[in-house]
Amino acid sequence: MIDARLLRDDPESLREAQRRRGEDPSIVDALVAADERRRSTIAAFEALRSEQKSMGKQVAQAQGEEKQTLLARTKELSAQVKAADAEQTAAGEEFTTLLKALPNPAPDAPPGGEDDFVVLEEVGTPRDFAAEGFTPRDHLELGQLLGAIDVERGAKVSGSRFYFLTGVGAQLELALTQLAMSKAAEWGFTPIIPPALVKPQAMEGTGFLGQAADDVYHLEKDDLYLVGTSEVPLAAYHSDEILDGPRHYAAFSPCFRREAGSHGRDTRGIVRVHWFDKIEMFVYTSLEDSYAQHERILGFEKQWLDLLELPYRVIDVAAGDLGLSAVRKFDCEAWIPTQGKYREVSSASNCTQFQARRLDIRNRLDDGGTEPSATLNGTLCAMPRIIVALLENGQQADGSVRLPAALHPFLGEVLQPVGARA
RNA sequence: GGAGAUGUCGCAUAGUGGCCUAGUGCGCCCGCCUGCUAAGCGGGUUGAGGGUUAAACCUCUCGCGGGUUCAAAUCCCGCCAUCUCCGCCA
């Protein structure tokens with residue numbers, strides 16, 4: 001959520017921010033009114049409560065008839081305090097509910113919606129398969145030839161959008177994990193393996209129970225949620241804490257997504273699945289430093305794709321396509337030859353203090369005070385999509401796949417087809 | 001899953017209904033004193049919210065949430081966490 005003070009100091013900037021995202025500016029005015037209600041009920045409650053406390057002290061000292069008179073008065077006060085408290089609580093809740101629904105202003109993101117992204121750069125050159133004299137196979141066909149991906153049995157065992165990684169497929173994920181984690185450690189990130197099941201507060205605090213709630217798996221019996229990204233446990237990791245300096249984490253975790261709104265899209269292969277493993281970077285820092293950290297995270301994502309020798313581009317996502325918490329998001333998209341386009345493989349978001357306000361995460365300041373931390377997250381390696389990109393971009397005419405040099409120590413230079421088998 | 005115990009300021013502890021505006025010690029910060037250091041002396045030291053130009057001031061915060069009461073750290077109920085033992089399990 002945003003800083004509530006902005007509602008009093010500069011509501012017009014918030015209305016403007018709403019327009020930039022293509023959202024309704026009038027909810028800002030509803031919020032201003034709710035804030036006024038909240039504050040006046042607080043003042044009313046506190047005045048009564050203060051009176052109650054001082055009268056309570058007189059009761060303690062009074063004797064006999066005087067005490068009885070006082071008791072009659074305090075009894076009445078007690079009821080008033082109770083009513084004022086209820087009013088205060090209700091007004092506060094109404095205000096908070098509205099406040100949580102207001103997105104983070106994104107003044108630096110390109111205006112517009114999903115298609116209004118700005119391409120920042122293209123790195124590497126997609127291969128020209130026509131010139132090389134063969135038609136590229138898609139990742140699923142290659143995965144089957146290599147004995148790396150088994151979606152039939154994934155569907156048999158778990159349903160559509162599930163898969164088994166087998167043989168070199170499984171080895172590939174383990175190699176990527178090892179390589180990415182050691183890179184991250186080199187860059188100063190603390191490796192983390194977080195829980196993939198979290199309590200409602202963690203899910204709620206990171207904003208995933210709002211507009212994205214349909215995409216989240218919920219275990220009703222235990223009231224636990226399966227995380228769609230380790231951003232959730234990583235953000236909640238320091239909830240209700242005061243930090244004495246920046247933190248950098250890189251987490252490996254499974255991710256679970258219902259993909260509720262994407263029926264019929266990317267149904268072939270493992271581009272869009274209900275479960276996958278991912279390595280995510282997460283940073284806690286100050287607001288001022290967050291912009292530099294955002295560039296730094298993007299830099300690491302690019303280094304990773306360079307290391308894997310994949311052609312990709314970087315886009316600056318438009319304001320209307322950002323989600324609640326981010327003020328700006330850079331996506332890296334790898335070239336997928338059989339689709340003839342770039343597809344998202346990683347994403348770096350700066351959430352400024354928006355997430356930390358909800359989760360109550362603060363930085364200790366030099367003067368002894370506190371301020372909400374800024375949080376940032378970025379994908380380092382989402383396994384299935386990176387595997388898709390590696391297979392399709394590295395393939396050769398005979399169905400074998402040439403790997404980037406960085407993976408040679410783990411898997412050799414070339415993955416060979418294993419031929420037909422049961 | 002069963003039984004028991006515990007949860008108070010950064011740490012350690014005191015506190016069994018009003019004198020708690022939560023005491024004391026340690027640690028930490030600021031002064032004073034002092035050849036230096038240590039000791040000693042004085043003051044400060046949870047966080048949030050309301051209020052104010054700024055202050056003053058007020059409210060909340062004793063694991064969390066309810067309740068009883070004029071009044072709750074204190075009594076009652078529920079939950080959570082931790083520890084010990086038993087069971088089960090990787």
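In chain A, 71% of the contacts between residues at least 6 apart in sequence join residues at least 24 apart. The structure described here is a predicted model, and its chain A carries 14 helices and 18 strands. Along the principal axes, the C-alpha atoms fill a box of roughly 105 × 45 × 40 Å. Of the 422 residues of this chain, 48% count as buried. The accessible surface comes to about 19,900 Å², and carbon and sulfur atoms account for 50% of that area. Charged side chains number 46 positive and 65 negative, with the centres of the two sets lying 4 Å apart.

A good place to start a closer look is strand β13, which spans residues 341-350. This strand is mostly covered, since eight of its ten residues are buried. Strand β13 pairs with two strands that are described here in turn, β12 and β16. With β12, which runs over residues 328-336, the pairing is antiparallel and extends over nine bridges. Within this pairing, D331 has S347 of β13 as its bridge partner. The two strands form a hairpin with four residues between them, and in the turn G340 takes a positive phi of about 65°.

The pairing of β13 with β16 is likewise antiparallel, here over three bridges. One position in this pairing is S349, which stands opposite N377 in β16. Strand β16 covers residues 374-382 and also holds T379. T379 has a relative accessible area of 9%, under the 20% limit, and is therefore buried. Its surroundings can be read from its contacts: beyond its neighbours within four places in sequence, T379 is in contact with V345, S346 and S347, and also with K278, I279, E280, M281 and E301. S347, the bridge partner of D331, is thus also found among the contacts of T379.

A second buried residue of interest is N363, in strand β14, which comprises residues 361-364. N363 counts as buried because its relative accessible area, 9%, is under 20%. A polar atom of the N363 side chain lies 3.1 Å from the backbone oxygen of T285. T285 also appears in the list of residues that N363 touches when those up to four places away in sequence are not counted. That list includes I242, L243 and S286, together with G369, T370, E371, P372 and S373.

Elsewhere in the chain, three strands make up an open sheet with the order β5-β7-β6 and antiparallel pairing. The edge strands are β5 (197-198) and β6 (217-219), each of which pairs on one side only. Strands of a sheet pair through backbone hydrogen bonds, either parallel or antiparallel. Between β5 and β7, the latter formed by residues 224-226, the antiparallel pairing covers two bridges. In this pairing L197 stands opposite L226 of β7.

The loop between β6 and β7 contains D223, which brings the description to backbone angles. Most residues other than glycine have a negative phi. D223 is not a glycine, yet its phi is positive, at about 50°. The relative accessibility of D223 is 37%, between the limits of 20% and 50%, so this residue counts as partly exposed. D240 offers another case, with a positive phi near 60° in a residue other than glycine. This residue is found in the loop between α10 (231-237) and β8 (241-243). For D240 the relative accessibility is 60%, which is over 50%, and D240 therefore counts as exposed.

Finally, the helical part of the chain can be illustrated with T69, found in helix α4, which spans residues 64-101. T69 has a relative accessible area of 55%, over the 50% limit, so it is exposed. T69 and V59 are ten residues apart along the chain, and 9.4 Å separates their C-alpha atoms.

Terms used:
Residues numbered from 1 in each chain as written. Chains lettered and ligands numbered in written order. Predicted model: local features only at pLDDT ≥ 70, side-chain atom pairs only at ≥ 80, totals over all residues. Heavy atoms only, no water. Buried < 20%, exposed > 50% of the residue type's maximum accessible area, 1.4 Å probe, protein only. Contact = heavy atoms within 4.5 Å. Areas by Shrake-Rupley, 256 points an atom, 1.4 Å probe, with all protein chains shown as cover. Lys, Arg positive; Asp, Glu negative; His and termini not counted. Charge placed at Lys NZ, Arg CZ, Asp CG, Glu CD. Pairing = 2+ DSSP bridges. Polar contact = N/O pair within 3.5 Å; in protein donor to acceptor, adjacent residues only side chain to side chain.
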